[in-house]
Amino acid sequence: MTDEKDANGNLLPNEKRLTKVGKFVRSISIDELPQLMNVLRGDMSLVGPRPLLVQYLPLYNKRQARRHEVRPGITGWAQVNGRNAISWQQKFEYDLWYVDHACFWLDIKIIFLTLKKVFIREGIVFETNTSTNYFIGEE
């Protein structure tokens with residue numbers, strides 16, 4: 001991404017700062033590969049709710065905070081059921097469903113569904129944005 005700013009010095013939206021190479025890297029999801037180091041260190045799992053920005057922590061309600069009952073993952077139930085093309089509310093519902101149903105065979109299913117999503121490039125963007133909208137709390 002570039003660091004282009006508007007007249008007020010604010011960064012332009014992601015879709016205006018993303019380079020052609022960046023779009024390609026994101027479209028085939030290889031921007032996720034560095035997270036494998038976090039898996040090897042034990043900080044993350046291959047499968048689990050995707051880690052969110054730290055500044056979102058105080059915005060979670062008690063139910064949404066349950067997503068932290070399992071280790072965060074590179075991919076998860078919300079990613080194979082819509083990625084960035086679903087609402088925050090739906091992402092939390094999928095994350096909580098995973099927390100309640102996590103098991104080895106579900107993780108295997110999610111890994112295979114993730115590979116399918118990557119190859120067919122489905123659900124990568126939310127409308128015209130290059131990433132999901134910021135979480136502002138309960139919808």
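In which helix is Leu-96 found? In this predicted model, Leu-96 is found in helix H6, an element that spans residues 88–101. Leu-96 is buried, because its relative accessible area is 3%, and burial requires a value under 20%. Along the chain, Leu-96 and Arg-63 stand 33 residues apart, yet a distance of 8.2 Å separates their C-alpha atoms.

The overall architecture comprises 7 helices and 2 strands. Read from the N terminus, the order of elements is α-α-α-β-α-β-α-α-α. Of the 139 residues in the protein, 34% are buried.

Electrostatic contacts between side chains were examined next. The structure contains 5 salt bridges. One of these joins the side chains of Arg-63 and Glu-93, with an N to O distance of 2.8 Å. Arg-63 belongs to helix H4 and Glu-93 to helix H6, so this pair ties together parts that are 30 residues apart in sequence. Both partners fall in the intermediate class of accessibility, which extends from the 20% limit for buried residues to the 50% limit for exposed ones. Arg-63 counts as partly exposed because its relative accessibility is 46%, and Glu-93 is likewise partly exposed, with a relative accessible area of 33%.

A further set of contacts centres on Arg-66, Glu-69 and Asp-100, which are linked in a network of salt bridges. Within this network, the side chains of Glu-69 and Arg-66 meet at an N to O distance of 3.0 Å. Glu-69 counts as exposed, since its relative accessibility of 53% lies over the 50% limit. Arg-66, by contrast, is partly exposed, with a relative accessible area of 26%. Arg-66 also forms a salt bridge with Asp-100, in which the closest N and O atoms are 2.6 Å apart. Arg-66 lies in the loop between H4 and strand S2 (73–75), whereas Asp-100 is part of helix H6; the pair therefore ties together parts that are 34 residues apart in sequence.

Helix H6 also contributes to the second largest pocket, whose volume is about 160 Å³. The lining of this pocket consists of 11 residues, and those nearest its centre are Asn-61, Gln-64, Gln-89, Glu-93 and Glu-138. Two elements, helix H4 (62–65) and helix H6 (88–101), each give two or more residues to the lining. The greatest contribution comes from H6, with 4 residues. Classified by side-chain character, the lining holds 3 nonpolar, 4 polar and 4 charged residues. Glu-93 thus appears in two settings, because this residue is among those nearest the centre of the pocket and also pairs with Arg-63 of helix H4 across the sequence.

The loop that precedes H6 was considered separately. Gly-82 is located in the loop between helix H5 (77–80) and H6. With a relative accessible area of 11%, Gly-82 is buried, as the value is under the 20% cut-off. Gly-82 and Tyr-94 are separated by 12 residues in sequence and by 9.8 Å in space, taken from C-alpha to C-alpha.

A nonpolar patch is present on the surface. Ile-30, Leu-33, Leu-36 and Leu-46 make up this patch, which has an area of about 330 Å². Leu-46 is located in strand S1, which covers residues 45–47. The relative accessibility of Leu-46 is 42%, so this residue counts as partly exposed. Membership of a patch requires over 30% relative accessible area, a condition that the 42% of Leu-46 satisfies.

Technical notes. Residues numbered from 1 in each chain as written. Predicted model: local features only at pLDDT ≥ 70, side-chain atom pairs only at ≥ 80, totals over all residues. Heavy atoms only, no water. 1 Å grid on protein atoms, 1.4 Å probe; cavity = no way out; pocket = protein on both sides within 12 Å on 5 of 7 lines; lining within 4 Å. Points joined across faces, edges and corners; volume = space filled by probe spheres on them. Nonpolar A, V, L, I, M, F, W, Y, C, P; charged D, E, K, R; others polar. Patch = residues over 30% accessible without salt bridge, like charges linked within 9 Å, V, L, I, M, F, W, Y side chains within 5 Å. Areas by Shrake-Rupley, 256 points an atom, 1.4 Å probe, with all protein chains shown as cover. Salt bridge = Lys/Arg side-chain N within 4 Å of Asp/Glu carboxyl O. Buried < 20%, exposed > 50% of the residue type's maximum accessible area, 1.4 Å probe, protein only.
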